[in-house]
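User: I would like to learn how to read the fold and the ligand site of a protein model. Could you take me through them step by step?

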Amino acid sequence: MTQRLLITGANRGIGLEMTRQAAARGDQVTATCRQPDEAEALTELAAAHSGNIRIIAMDVGSAESVATAAKCNGGFENGLDLVVANAGQLNARGGLNDPGHTEANIAESLMTNVAGVFFTARYFVPFLRTGKPGRTANSPGKFAVISSQMGSSTRAGTNAPIYRASKAAATNLARSLALELAPDGIAVGAWHPGWVQTDMGGAEAAITPQASADGLLARFDALTMDSSGIFETWDGEKMPF
Ligand SMILES: NC(=O)c1ccc[n+]([C@@H]2O[C@H](COP(=O)([O-])OP(=O)(O)OC[C@H]3O[C@@H](n4cnc5c(N)ncnc54)[C@H](OP(=O)(O)O)[C@@H]3O)[C@@H](O)[C@H]2O)c1
């Protein structure tokens, strides 16, 4: 069945690949990114899938930008079935003394990885509510948070503490949203997408964006009200919190 998706950070990496695969299977995708004018790969993809992909500008770290995107041309009055909060930043990979841990980088990481999930939910959940009359446990609206195993407190590590903390918070937000949105028939989950060959993951990473996106889309399809609140990997393994 055709789904209506919104994906943040869709101009490169895992977000671009999720957009490609969702559009290829016939879904209607709203692909959001900070700089549509510079999003060449996404623009080419949209041209190749005439009508299935629309691109809108959205900086998830700005409440104003997200609110504006939610009202953008045509709007979302026909609703959405799935919102994927994918946009993320990893600005410093070392420990306490990594000079990359500047105030500006920390602020940007937290505003993107934590507040960005919150703003995306605040302004787009209303379209999940109204998207399909009579949403049921078998047909919930869905909100997916792309978190990371680095946010698992059980798997704490010695590097990138700000990124780890931000992803722990993103997973925690997913748990809170799962509770808050349960009465509306909206299921929420958090996912570790794998260690993926993107700008963030690097060329040495374990899996391709294609494998990650393929697994994630299947896991979003599998999400139900009964499994709402899960934290799992792109290939369906449970992640410890
Ligand atoms: N790659 C991995 O191994 C890995 C592992 C675990 C978790 N993750 C998570 O998976 C998600 C996607 O990662 P990726 O590997 O695809 O990373 P990526 O290649 O670095 O892409 C990150 C995407 O997020 C966007 N973004 C960053 N800040 C934004 C903001 N404030 N507003 C809107 N968009 C913003 C970027 O847009 P610009 O082009 O404008 O910067 C880009 O589209 C992230 O949440 C990341 O933390 C990745």
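User: How many helices and strands make up the secondary structure of the protein?

Analyst: One begins by listing the elements. In this predicted model, the protein has six helices and seven strands. Followed along the sequence, they give the pattern β-α-β-α-β-α-β-α-β-α-β-α-β.

User: How compact is the protein for its length of 241 residues?

Analyst: The radius of gyration is set against the value from the globule rule. Here the radius of gyration is 17 Å and the rule gives 18 Å for 241 residues, so the protein is as compact as a globular protein of that length. The C-alpha trace spans about 50 × 40 × 35 Å along its principal axes.

User: Which pocket does the ligand take up?

Analyst: The ligand occupies the space of the largest pocket. Two or more residues of the shell around the ligand come from each of α1 (13-24) and α5 (161-181).

User: Which residues come nearest to the ligand, and what classes make up the shell?

Analyst: Of the 29 residues around the ligand, the nearest are N11, R12, R34, Y163 and T198. By class, the shell holds 14 polar, ten nonpolar and five charged residues.

User: Which polar atoms lie close to nitrogen or oxygen atoms of the ligand, and how much of the ligand is covered?

Analyst: For polar contacts, one reads pairs of N or O atoms within 3.5 Å. An oxygen atom of the ligand is 2.6 Å from a polar side-chain atom of N11. On the nitrogen side, a side-chain N or O atom of D59 lies 2.9 Å from a ligand nitrogen, and a backbone N or O atom of V60 lies 3.0 Å from a ligand nitrogen. As for cover, the ligand on its own has 890 Å² of accessible area, of which the protein covers 93%.

Conventions. Residues are numbered from 1 along each chain as its sequence is written. This is a predicted model: local features need pLDDT of at least 70, side-chain atom pairs count only at pLDDT 80 or more; totals for chains, interfaces and linings use all residues. Side-chain values use heavy atoms; hydrogens and water are left out. A residue is near a molecule or strand if one of its heavy atoms lies within 4 Å of it. A polar contact is a pair of N or O atoms within 3.5 Å; within protein, one must be able to donate a hydrogen and the other to accept it, and residues adjacent in sequence count only if both atoms are side-chain atoms. Accessible areas come from the Shrake-Rupley method with a 1.4 Å probe; for residues, only the protein chains shown count as cover. On a 1 Å grid over the protein atoms alone, a cavity is a set of points where a 1.4 Å probe fits but cannot get out, and a pocket is an open set with protein on both sides within 12 Å along at least five of seven lines; lining residues have an atom within 4 Å of a point. A molecule sits in a cavity or pocket if more than half of its atoms lie within 2 Å of its grid points. Helices (H or I, at least four residues) and strands (E, at least two) are DSSP runs, numbered from the N terminus. Ala, Val, Leu, Ile, Met, Phe, Trp, Tyr, Cys and Pro count as nonpolar, Asp, Glu, Lys and Arg as charged, and the others, Gly among them, as polar. The radius of gyration is taken over C-alpha atoms; the globule rule is 2.2 Å times the number of residues to the power 0.38.
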